[in-house]
Amino acid sequence: MIQTMTIQIINKSNNPLPQYATAGSAGLDVRAFLGNEVELKPLERMMIPTGLYLAIPEGYEVQVRPRSGLAIKHGITLVNSPGTIDADYRGELGILAINLSNTPYKIQPGERIAQLVVARYAHIQWEEVETLDETARGSGGFGHTGK
């Protein structure tokens with residue numbers, strides 16, 4: 001069973017609220033709030049406004065993730081992926097897009113530009129120790145298990 005929760009939102013855009021594309025989707029599609037199309041040149045970064053403001057409950061974050069279709073078809077992804085919207089942030093949700101392709105891409109008003117995933121988190125307290133417990137992996141790093 002999928003757990004549900006309520007998050008307060010202000011929508012200053014003319015777009016619908018973020019929504020799940022299918023019943024099994026983990027991410028809600030969020031749309032660009034633009035007056036006109038904007039061109040994102042190769043390797044250019046741009047913050048795309050959404051017109052959305054969230055009140056995320058304490059103990060949760062909203063992760064901003066790329067849309068796979070934009071990534072594979074056009075090379076459009078996010079600069080800091082996933083981006084984190086903290087529970088105490090009340091400003092406009094902005095999408096930090098980058099064009100990793102060789103051709104310009106025009107972002108249209110209302111276009112689905114990213115997806116939002118709600119995630120629970122915990123604050124930690126550090127416990128400094130002299131040694132850590134042993135594991136089968138140990139200190140094996142990147143690629144230590146072969147291809």
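**View 1. Two bridges join strand E2 to strand E3 (residues 28-31).** The two strands run antiparallel. This is a predicted model. Gln 19 stands opposite Asp 29 in E3. Tyr 20, in turn, faces Leu 28 of E3. Strands of a sheet can pair in a parallel or an antiparallel way, through backbone hydrogen bonds.

**View 2. E3 also pairs with E11.** Four bridges link E3 and E11. Their pairing is antiparallel. Which residue of E11 is the bridge partner of Arg 31? The partner is Arg 112.

**View 3. Five strands make up an open sheet.** Read across the sheet, the order is E2-E3-E11-E6-E8. The pairing is antiparallel. Which strands stand at the edges? They are strand E2 (19-20) and strand E8 (83-85). Each has a single partner strand, so one side of each has no neighbour in the sheet.

**View 4. Arg 67 sits in a loop between a strand and a helix.** Strand E6 (60-65) comes before this loop, and helix H1 (68-74) comes after it. Is Arg 67 buried or exposed? Its relative accessible area is 17%. The cut-off for buried is under 20%, so Arg 67 counts as buried. Now look at its side chain. A polar atom there lies 3.4 Å from the backbone oxygen of Arg 112. Arg 112 is also the bridge partner of Arg 31. Which residues does Arg 67 contact, leaving aside neighbours within four places in sequence? They are Asp 29, Ile 76, Arg 112, Ile 113, Ala 114 and Gln 115. One of these, Asp 29, stands opposite Gln 19 in the pairing of E2 with E3.

**View 5. The largest pocket has a volume of about 700 Å³.** It is lined by 23 residues. Closest to its centre are Met 5, Ile 7, Tyr 20, Leu 28 and Val 118. Two elements give two or more residues to the lining: E6 and strand E11 (112-120). The largest share, five residues, comes from E11. What kinds of residue form the lining? There are 17 nonpolar, five polar and one charged. Tyr 20 and Leu 28 link this view to the first, where they stand opposite each other.

**View 6. Leu 43 lies in the loop between strand E4 (38-40) and strand E5 (45-55).** Is Leu 43 buried or exposed? Its relative accessibility is 59%. Exposed means over 50%, so Leu 43 counts as exposed. Leu 43 still has contacts. Not counting residues up to four places away in sequence, it touches Ile 98, Asn 99, Leu 100 and Ser 101. Ile 72 is 29 residues from Leu 43 along the chain. Their C-alpha atoms are separated by 15 Å.

**View 7. Ile 124 belongs to the segment after E11.** Its relative accessible area is 57%, so Ile 124 is exposed. How far apart are Ile 124 and Glu 58 in sequence and in space? In sequence, they are 66 residues apart. In space, the gap is 15 Å, C-alpha to C-alpha.

Notes:
Residues are numbered from 1 along each chain as its sequence is written. This is a predicted model: local features need pLDDT of at least 70, side-chain atom pairs count only at pLDDT 80 or more; totals for chains, interfaces and linings use all residues. Side-chain values use heavy atoms; hydrogens and water are left out. Buried means under 20% relative accessible area, exposed over 50%, partly exposed in between (1.4 Å probe, protein chains only). A polar contact is a pair of N or O atoms within 3.5 Å; within protein, one must be able to donate a hydrogen and the other to accept it, and residues adjacent in sequence count only if both atoms are side-chain atoms. Contact means heavy atoms within 4.5 Å. On a 1 Å grid over the protein atoms alone, a cavity is a set of points where a 1.4 Å probe fits but cannot get out, and a pocket is an open set with protein on both sides within 12 Å along at least five of seven lines; lining residues have an atom within 4 Å of a point. Grid points are joined across faces, edges and corners, and a volume is the space filled by probe spheres set on the points. Ala, Val, Leu, Ile, Met, Phe, Trp, Tyr, Cys and Pro count as nonpolar, Asp, Glu, Lys and Arg as charged, and the others, Gly among them, as polar. Two strands pair if DSSP finds at least two bridges between them.
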